[in-house]
Amino acid sequence: MAARGVVGIFFLSAVPLVCLELRRGIPDIVYLLKEEEEKNEKRQKLVRKKQQEAQGEKASRYIENVLKPHREMKLRKLEERFYQMTGEAWKLSSGHKLGGDEGTSQTSFETSNREAAKSQNLPKPLTEFPSPAVQPTCKEIPDLPEEPSQTAEEVVTVALRCPSGNVLRRRFLKSCSSQVLLDWMMRIGYHTSLYSLSTSFPRRPLAVEGGQSLEDVGITVDTVLILEEKEQTN
């Protein structure tokens with residue numbers, strides 16, 4: 001009985017010490033738990049950030065390597081198809097209307113013919129020596145037929161790309177003689193002895209004969225012709 005009382009007294013005297021130790025240890029435990037929680041949160045944020053960066057980099061590579069080339073190729077194909085259908089492959093060049101370019105062409109044709117004649121060792125043009133065989137007079141150049149309206153039937157538009165980079169356009173009836181193309185060249189100052197015509201696609205010389213119409217030589221739709229200097233022959 002006495003032993004039980006002693007044990008009880010011992011436990012009662014130890015209870016305050018135990019409570020004191022517990023009060024001292026609880027803040028440390030709470031601090032440790034809070035610190036561990038903050039570390040876990042930082043690790044989670046870092047993982048999420050790395051995942052977002054990886055996804056963003058993957059999306060950027062996909063856009064740059066797949067979407068952008070595909071979009072550019074699609075636009076390029078649509079543009080090529082459009083120009084093939086309309087026959088205006090040189091539309092992006094600095095072309096001008098015929099009415100606005102004839103004056104400029106007339107002022108520059110002497111220089112163009114002179115340079116071509118010099119490169120091919122041909123006689124000088126009329127501006128320096130009278131040579132009707134090289135530089136025709138105005139009387140030798142026939143008048144062009146009246147330009148038909150856009151709403152007329154059996155009409156084609158011919159775009160003529162000059163060596164200077166200018167693009168001239170004019171409408172003709174399909175039944176017109178193909179000789180009208182050579183007359184047009186002469187009218188704008190490019191002599192047929194120095195320059196020739198060729199188709200743009202496929203690239204080949206255009207065979208122009210007086211007895212054939214534009215339709216006979218293959219000009220049945222709007223067409224781009226290239227005016228180029230003849231190759232020198234010995």
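**Figure 1. Arg-61 and its partner Glu-57 in helix 1.** Arg-61 is partly exposed, with a relative accessible area of 43%; in this classification, buried means under 20% relative accessible area, exposed over 50%, and partly exposed in between (1.4 Å probe, protein chains only). The view is taken from a predicted model, in which local features need pLDDT of at least 70, side-chain atom pairs count only at pLDDT 80 or more, and totals for chains, interfaces and linings use all residues. Residues are numbered from 1 along each chain as its sequence is written, and side-chain values use heavy atoms, with hydrogens and water left out. Arg-61 forms a salt bridge with Glu-57, and the closest N and O atoms are 3.2 Å apart; the term denotes a side-chain nitrogen of Lys or Arg within 4 Å of a carboxyl oxygen of Asp or Glu. Because the two residues are 4 residues apart in helix 1 (residues 2-86), about one helical turn separates them. Glu-57 is likewise partly exposed, at a relative accessible area of 47%.

**Figure 2. The salt bridge of Arg-43 with Glu-36.** The closest N and O atoms of this pair are 3.9 Å apart. Arg-43 has a relative accessible area of 44% and is therefore partly exposed. Glu-36, at 39% relative accessibility, also counts as partly exposed. The structure holds 7 salt bridges.

**Figure 3. A salt bridge between Arg-187 and Asp-143.** The side chains meet at 3.7 Å, N to O. This pair links distant parts of the chain: Arg-187 belongs to helix 3 and Asp-143 to the loop between helix 2 and strand 1, 44 residues apart. Helices (H or I, at least four residues) and strands (E, at least two) are DSSP runs, numbered from the N terminus. Asp-143 is exposed, with a relative accessible area of 65%, whereas Arg-187 counts as partly exposed at 36%.

**Figure 4. The largest nonpolar core.** This core has 23 residues; such a core is a set of buried Ala, Val, Leu, Ile, Met, Phe, Trp, Tyr and Cys residues joined through side-chain atoms within 4.5 Å. The residues with the most contacts inside it are Leu-181, Trp-184, Leu-197, Ile-219, Leu-225 and Leu-227. At least two core residues come from each of strand 1 (155-161), strand 2 (167-173), helix 3 (179-187), strand 3 (195-199) and strand 5 (223-229). The greatest contribution is that of helix 3, with 4 residues. In soluble globular proteins, nonpolar side chains tend to be buried together. Leaving aside residues up to four places away in sequence, Leu-227 touches Leu-160, Arg-161, Cys-162, Pro-163, Met-185, Tyr-190, Tyr-195, Ser-196 and Leu-197, where contact means heavy atoms within 4.5 Å.

**Figure 5. Strand 3 and its pairing with strands 4 and 5.** Strand 3 is mostly covered, with 4 of its 5 residues buried. Antiparallel pairing joins strand 3 to strand 5 through 5 bridges, and Thr-199 stands opposite Leu-225 in strand 5. Strand 4 (residues 204-205) is also antiparallel to strand 3 and is joined to it by 2 bridges; two strands pair if DSSP finds at least two bridges between them. Here Ser-198 stands opposite Pro-205. A hairpin of 4 residues connects strand 3 to strand 4. Glu-231, in the segment after strand 5, lies 9.5 Å from Ser-196, C-alpha to C-alpha, although the two are 35 residues apart in sequence. Glu-231 is exposed, with a relative accessible area of 71%.

**Figure 6. The surroundings of Arg-170 in strand 2.** Arg-170 is buried yet has no salt bridge. The nearest side chain of opposite charge is that of Glu-147, 4.6 Å away; Lys and Arg count as positive and Asp and Glu as negative, while His and the chain ends are not counted. A polar atom of the Arg-170 side chain lies 2.8 Å from the backbone oxygen of Pro-145.

**Figure 7. The backbone at Glu-154.** Glu-154 is found in the loop between helix 2 (98-119) and strand 1. Its phi is near 55 degrees, a positive value in a residue other than glycine. Most residues other than glycine have a negative phi. Glu-154 counts as partly exposed, at 48% relative accessibility.

Key: A polar contact is a pair of N or O atoms within 3.5 Å; within protein, one must be able to donate a hydrogen and the other to accept it, and residues adjacent in sequence count only if both atoms are side-chain atoms.
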